[in-house]
Amino acid sequence: MADSQLSMNFWAEAMYSSAHIKNRIKSSAYGKTLYELWYRRRPNIKYMKRFGCIAYILNKERLRNKFEPKTLKGIFLGYADNNTYRV
């Protein structure tokens, strides 16, 4: 939270994101990740991003002017359940 310079209103999002990451880090007690113990396969961690970084979202409005931007600027807040990011 301190590194991202976000307000404390996003504390719950930070906790949800940290739990997601913790489940994909190797446990010293088991020698495997908790994700690996549950699903019996290694987790993919290539999609992970830094909490609070700038993220760009594709603007899918059909009635967009020719000179309007194609993306909207936001802040990365974590991971959703359906393999998407929370911005």
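How many helices and how many strands are there in the protein? In this predicted model, the protein contains two helices and four strands. Read from the N terminus on, these elements follow the order α-α-β-β-β-β, with the helices written before the strands.

The overall form of the chain may be considered next. Along its principal axes, the C-alpha trace spans about 55 × 30 × 15 Å. The radius of gyration offers another description of the protein: its value is 17 Å, whereas a compact globule of 87 residues would have one near 12 Å.

A part of the chain also carries an annotation. UniProt, in an unreviewed entry, lists residues 53-87 under "domain: Retroviral polymerase SH3-like". Such annotations may be inferred rather than shown by experiment. In the model, this span is 0% helix and 40% strand, and the C-alpha atoms at its two ends lie 10 Å apart.

Attention may now turn to a single residue, Glu 13. This residue belongs to helix α1, which covers residues 11-22. Which residues does Glu 13 touch, leaving aside its neighbours within four places in sequence? The contacts of Glu 13 are Phe 51, Leu 77 and Arg 86, where contact means heavy atoms within 4.5 Å. With one of these residues, Arg 86, there is also a polar contact: the side chains of Glu 13 and Arg 86 are joined at 2.8 Å. Arg 86 falls within the span of residues 53-87 that the UniProt entry lists.

The surface and its open spaces complete the picture. Rolling a probe the size of a water molecule over the atoms shows where empty space is left. In this protein, the largest pocket holds about 470 Å³ of space. The lining of this pocket is made up of 17 residues, and those closest to its centre are His 20, Arg 24, Tyr 47, Ala 80 and Asn 83. Helices α1 and α2 (34-39) are the elements that give two or more residues to the lining. What is the make-up of this lining by class? It has nine nonpolar, five polar and three charged residues.

Notes:
Residues are numbered from 1 along each chain as its sequence is written. This is a predicted model: local features need pLDDT of at least 70, side-chain atom pairs count only at pLDDT 80 or more; totals for chains, interfaces and linings use all residues. Side-chain values use heavy atoms; hydrogens and water are left out. A polar contact is a pair of N or O atoms within 3.5 Å; within protein, one must be able to donate a hydrogen and the other to accept it, and residues adjacent in sequence count only if both atoms are side-chain atoms. On a 1 Å grid over the protein atoms alone, a cavity is a set of points where a 1.4 Å probe fits but cannot get out, and a pocket is an open set with protein on both sides within 12 Å along at least five of seven lines; lining residues have an atom within 4 Å of a point. Grid points are joined across faces, edges and corners, and a volume is the space filled by probe spheres set on the points. Ala, Val, Leu, Ile, Met, Phe, Trp, Tyr, Cys and Pro count as nonpolar, Asp, Glu, Lys and Arg as charged, and the others, Gly among them, as polar. The radius of gyration is taken over C-alpha atoms; the globule rule is 2.2 Å times the number of residues to the power 0.38.
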